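Student: I should like to take a close look at a single part of this protein. Could you please guide me through one helix and its surroundings in a connected account?

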Amino acid sequence: MKISFTKKLIENDHLVVLVPQQSTAVKLLGDQFNRVREIINDFLSNNPEEKSSKFKTLSFRSNKKICYFTIARCKEKINSSAKLSFAGQLLSYLERQKAKNISIHLEETKSFKAAEYLEYIVSGLFLKDYRFEKYKTISNKDFKISQLKILSNLSSSLKEKVLNGIKVFDGVFLTRDLVSEPANILYPEKFVDYCMKLEKVGIKIEVLDERKLKSLGMNALLGVAQGSVRPARVMIFKWDGDKKNKKSSPLSFIGKGVTFDTGGISIKPSSGMEDMKWDMGGAGVVAGLMYTLALRKAKVNAIGAVGLVENMPDGNAQRPGDIVRSLSGQTIEVLNTDAEGRLVLADVLWYIKEKYKPRFMIDLATLTGAIIVALGDRYAGLFSNDDDLANKLLSASKGSEELLWRLPIDEDFDKLLNCQVADMKNITGTRGAGSITAAQFLKRFVGNVSWAHLDIAGVTWSKKGTNFSRAGGTGYGVRLLDEFVKKYYEDKS
Ligand SMILES: [Zn+2]
């Protein structure tokens, strides 16, 4: 979808008029709108707000052609995420109307600041418009909107704001691309290749290969990778946007990047196993977030780190009962090779804590099926050892409409991980509280650092689509964490 700004309506364009819900008439100044204005005002007076649906397409005949236009009735006082949702619904509606080239007009009233609304409408349209179709070679029959024109007298600063708003979505789209790629294309080395483009926007990248990981002692992570012919990688992104405070502790974001999870020797049932291509969702969010921070030149210093492995069951694979010595020195009895995400994160968390002394660590992982049982696909689970950090995340989540729900951690859950033959086991062997005990496991690798864990297994992928995305990768987490950084950590001076 291409965006442009214009003052004149092109005759064949599908005009969309956003009308505040209470309005009973529109002004629509200019001769070009004479006929449309008449029809809309007629419609509005005959169809009061409560009786009409959100969107209505009407038409008239002009010079033997039929001109179509849509009335979109928007609520005035709603929060930013509701505006984004409204725009997502509008996009789906216009696609059903087969509106190829769209011109949008916003009706300004005394109480309704159209220009403020516009930013969200454009953002919402773009977020929802994304699709992943690079592997479709036979002509694609899906209808697509190709042009979006804004019919308005906007100041150049507002135009720039609108354009900047959609530019940072390239971070969200990178995350969606990464989770959508199949595992034969996207394995640890290829994830690295895919993300090298972040260097172009000023991010420093470091890649730790297997030899380096071995010499460091990341045996928990390497144990997961040993059943695959694809070697493991750890990729570190560094964004130094706060030049004034170069020495300050960086913010840090850590992602689980299991590029495919068969479960290993504790193999999963085959039904639905294809979903395990997006078991690298946490790593995808970290890459997308770092890209976003760099694209908008955020004044913060931040580290992103992702642990990349493929969990496969070959002759060299890790066995249930194996004991590994993690980078921290703590030993782990691997009772279930499908509880592998925590093994990967354990080493990356410890490494980031020791090497960068970060201000906090936030990890993201499609970690447990249990979180889907608890929270479904609307909320991600939040676990933290720091109430202040947790509250900041909860508040930012409301602003981005990427929702979080905090769950408890405590000593009694931690004890369930104790093990007879090693320092801990990677599953508890009890049925309850699976997401919490997974978080307790991670907590053993964060020391005293302020830490939060986001279990995103339920929100990374949507089979039916959301108000912000089509069926497939949602990109959940990028806008939430970008909002969180912007709100609490950015140098505003
Ligand atoms: Zn697994």
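Tutor: The account below begins with one helix and its packing partners and then moves outward to the rest of the chain.

Please keep in mind that this is a predicted model. The part chosen is helix α9, which covers residues 281–295.

How are α5 and α9 placed relative to each other? Helix α5, residues 169–180, packs against α9 at an angle of about 155°, and the two axes are 7 Å apart. An angle over 145 degrees counts as roughly antiparallel, and α5 and α9 are therefore roughly antiparallel to each other. Their crossing is right-handed. On the α5 side, the contact is made by Asp170, Gly171, Val172, Leu174, Thr175, Leu178 and Val179. On the α9 side, the residues taking part include the glycines Gly281, Gly284 and Gly288, together with Val285, Ala287 and Leu289. Tyr291, Thr292 and Leu295 of α9 also belong to this contact.

A second partner of α9 is helix α15, residues 478–488. Here the angle is about 45° and the axes are 9 Å apart. The two helices α9 and α15 are therefore oblique to each other. The crossing of α9 and α15 is right-handed. From α9, the residues Val285, Gly288, Leu289, Thr292 and Leu293 make this contact, and from α15 they are met by Val478, Leu481, Asp482 and Val485.

How far is α15 itself enclosed by the rest of the structure? Of its 11 residues, 8 are buried, so α15 is largely enclosed. The buried ones are Val478, Arg479, Leu480, Leu481, Asp482, Glu483, Phe484 and Val485. They pack against α9 and also against α5, strand β9 (251–261) and helix α12 (387–400). Helix α14, residues 434–443, can be described in a similar manner: 9 of its 10 residues are buried, so α14 is largely enclosed by the rest of the structure. Its buried residues are Gly434, Ser435, Ile436, Thr437, Ala438, Ala439, Gln440, Phe441 and Leu442.

The next step is to consider the nonpolar core. The largest nonpolar core has 137 residues, and among those with the most contacts inside it are Val286 and Met290. Val17, Leu221, Val348 and Leu349 are also named among the residues with the most contacts there. Both domain 1 (2–153) and domain 2 (169–488) give residues to this core, so the core lies between them. Val348 may serve as an example of the contacts involved: leaving aside residues up to four places away in sequence, Val348 touches Leu221, Val234, Ile254, Ala305 and Gly307.

This leads to the two domains themselves. The C-alpha centres of domain 1 and domain 2 lie 39 Å apart, and 12 residues of domain 1 are in contact with 14 residues of domain 2. Which elements give two or more residues to the side of domain 1 that touches domain 2? They are α2 (80–96) and α3 (114–129). Of these, α2 gives the most, with 6 residues. Ser92 is located in α2 and counts as partly exposed, because it has 13 C-beta neighbours inside 10 Å. Ser92 and Gly227 are 135 residues apart along the chain, and their C-alpha atoms are separated by 44 Å.

A contrasting case is Ser228, in the loop between α8 (219–225) and β8 (233–240). Is Ser228 buried or exposed? Ser228 is buried, with 22 other C-beta atoms within 10 Å. Its C-alpha atom and that of Asn311 are separated by 6.4 Å, although their positions lie 83 residues apart along the chain as the separation is counted. Not counting residues up to four places away in sequence, Ser228 touches Glu310 and Met312.

Finally, two loop residues deserve attention for their backbone angles. Lys98, in the loop between α2 and β5 (101–106), has a positive phi of about 55° although it is not a glycine. Lys98 counts as exposed, with 10 C-beta neighbours inside 10 Å. Lys357, in the loop between α10 (341–356) and β13 (360–365), also has a positive phi, near 40°, and is likewise a residue other than glycine. With 11 other C-beta atoms within 10 Å, Lys357 is exposed.

Key: Residues numbered from 1 in each chain as written. Predicted model: local features only at pLDDT ≥ 70, side-chain atom pairs only at ≥ 80, totals over all residues. Core = buried A, V, L, I, M, F, W, Y, C linked by C-beta atoms within 7 Å. Buried ≥ 20, exposed ≤ 12 C-beta atoms within 10 Å, placed from the backbone. Domains from an automatic or database assignment. Contact = placed C-beta atoms within 7 Å. Axes fitted to C-alpha atoms, helices over the stretch in contact; angles between N-to-C directions. Helix = DSSP H or I, 4+ residues; strand = E, 2+ residues; numbered from the N terminus. Parallel < 35°, antiparallel > 145°, perpendicular 65-115°, else oblique. Left-handed = near helix turned anticlockwise from the far one by under 90°.
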